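Thanks for sharing this one. Here are some notes to read alongside the model, point by point.

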Amino acid sequence: MSNFEQSAVVEQSPVVELVETKGHSSGADWLARYSSSLMGVFGTPQRVLVRGAGCLVWDADGKEYLDLLGGIAVNALGHAHPFVTSVISSQLATLGHVSNFFTSPTQIALAEKLLELSAAPAGSKVFFTNSGTEANEAAFKLARRNSGTESGKPRTRIIALEGAFHGRTMGALALTAKEAYREPFEPMPGGVEHIPFGDIEALRNAVDDTVAAVFLEPIQGEAGVRPLPAGYLKAAREFTAEAGALLILDEVQTGIARTGKWLASEDAGIVPDAITLAKGLGGGFPIGALVTFGAQTSSLLSAGQHGTTFGGNPVATAAALATLHAIESQHVLDNVRAVGEHIRQALPAVDGVTEVRGEGLLIGFDLDADVAPAAVTAALDAGFIINSPGPRTIRLAPPLILTTEQADRFLAALPAILQTAKDAQ
Ligand SMILES: *Cc1c(COP(=O)(O)O)cnc(C)c1O
């Protein structure tokens, strides 16, 4: 048994004992109940999952899956990680929630840890949230506070990129580019402009002293794992610093070891004004964070100007501390680099794969036909969970503890999965 595996002892959530199964508990039974009780915004869920262990999950009909999506880059240490589980349980049994009229040692220790991991300069600070979109809402409000200029002209503009995904609440949605997400909810909070992806000249032309902030994802995850070109972050830092605009990096998907580094932006040789984190931070437990760099940016939001009831609660911050500790002590960064590289080297040889992108265990690859959604279905039938962010793009964001052997199981099955997907067209 490797470091990362664990025996699966829990057969089903104990909560199942509390719910009425009405004599039936197959996946189809649950989905019928789902469709009459849950809002339809997610469409029909692909499966009803009842249990997980490491990189494996099981559905209500007992079928096993290798999870290569990790709850969309969330389950950094897989499912039911023993250390994270025990820290969450014991924190909950000690102190669960206190509100932000109070603080707790776990909250303070996690803030200190995030400042250390992000190599933040003196005066840097952390604001905790419960999700990625909330971290970006906080960043949006931070940007609004960067409102004045020396010339007296107001800074009302915010720059984001075409293809950007920053979340679904109104502020984060205004930063998100996709028309289908935005259009039904217009008018958006004002001032956001989307400029062409990866185009340094377009950025140079857009950024002046009317810009409050530039929001960038180092790798656009939802757009199909598209990395910014080399030199882009450095140029963005230069232009924003000159114009007095904030450079805000959305590392909600790319942060916390996902790319084989603590932050995807850490090799860019820049100090941003803020980063946002969420997805992998709590190892599956909901938590997000806005980290502001330096004393000046960190004091833009003053007492009373922002808040949250649940954000930074003892259980969520304990979950994140446990996750960060396990990533360090189990040498997970090395695993992410090695297994990610292994997959990226193998993929181009697979018939039908035309392009491979990404870093570490955030991997996107394009297919030679619009069969990505059909490939997701075929993969499920073959016992693998993958994702299609576009009609011909597949995304993998597995637990960071994925083994080479598990990756090879998927790579061996992929040709048949793609063939099934094509046959289904
Ligand atoms: C997922 C994601 C978000 C939104 O996070 P939620 O927790 O779903 O609100 C924001 N930005 C990026 C880059 C993401 O991948």
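1. Let's begin at the ligand: how far is an oxygen atom of the ligand from an N or O atom in the side chain of glutamine 253? The separation is 2.7 Å. Please keep in mind that this is a predicted model, so read this distance, like the others below, as a computed value.

2. Two further residues come up to oxygen atoms of the ligand. Lysine 279 does so with a polar side-chain atom, at 2.6 Å. Threonine 133 uses its backbone instead: an N or O atom there lies 2.8 Å from a ligand oxygen. As for cover, the ligand on its own has 390 Å² of accessible area, and the protein covers 81% of that.

3. It helps to look at who else is around. The surrounding residues include Ser131, Gly132, Asn136, Phe165, His166 and Gly167. Also in the shell are Glu217, Asp250 and Val252, along with the Thr133, Gln253 and Lys279 already mentioned. By character, seven of the shell residues are polar, three are charged and two are nonpolar. Which helix gives the most to this shell? That is helix 5, spanning residues 132-145, with three residues.

4. Now for a look at the sheet. Four strands form an open sheet in the order 1-2-3-15, and the pairing is mixed. Strand 1 and strand 15 (384-385) are the edges, each with a partner on one side only. When you follow the side chains along it, remember that in a regular strand they alternate between the two faces of the sheet.

5. Within that sheet, strand 1 (residues 49-53) runs antiparallel to strand 2 (residues 56-59), with four bridges between them. Glycine 52 faces valine 57 across this pair. The hairpin joining the two strands has two residues between them, and glycine 54 takes a positive phi there, near 60 degrees.

6. On to the next neighbour: strand 2 pairs with strand 3 (residues 64-67), again in the antiparallel sense, over three bridges. Here tryptophan 58 is the residue opposite glutamate 64.

7. Last, the overall layout. The chain is divided into two domains: domain 1 is made up of 1-14, 331-366 and 401-425, while domain 2 covers 87-329. How many residues of each domain are in contact with the other? On the domain 1 side there are 13, and they meet 17 residues of domain 2. Taken over C-alpha atoms, the domain centres are 28 Å apart.

Note on methods. Residues numbered from 1 in each chain as written. Predicted model: local features only at pLDDT ≥ 70, side-chain atom pairs only at ≥ 80, totals over all residues. Heavy atoms only, no water. Near = heavy atom within 4 Å. Polar contact = N/O pair within 3.5 Å; in protein donor to acceptor, adjacent residues only side chain to side chain. Areas by Shrake-Rupley, 256 points an atom, 1.4 Å probe, with all protein chains shown as cover. Nonpolar A, V, L, I, M, F, W, Y, C, P; charged D, E, K, R; others polar. Pairing = 2+ DSSP bridges. Domains from an automatic or database assignment. Contact = heavy atoms within 4.5 Å.
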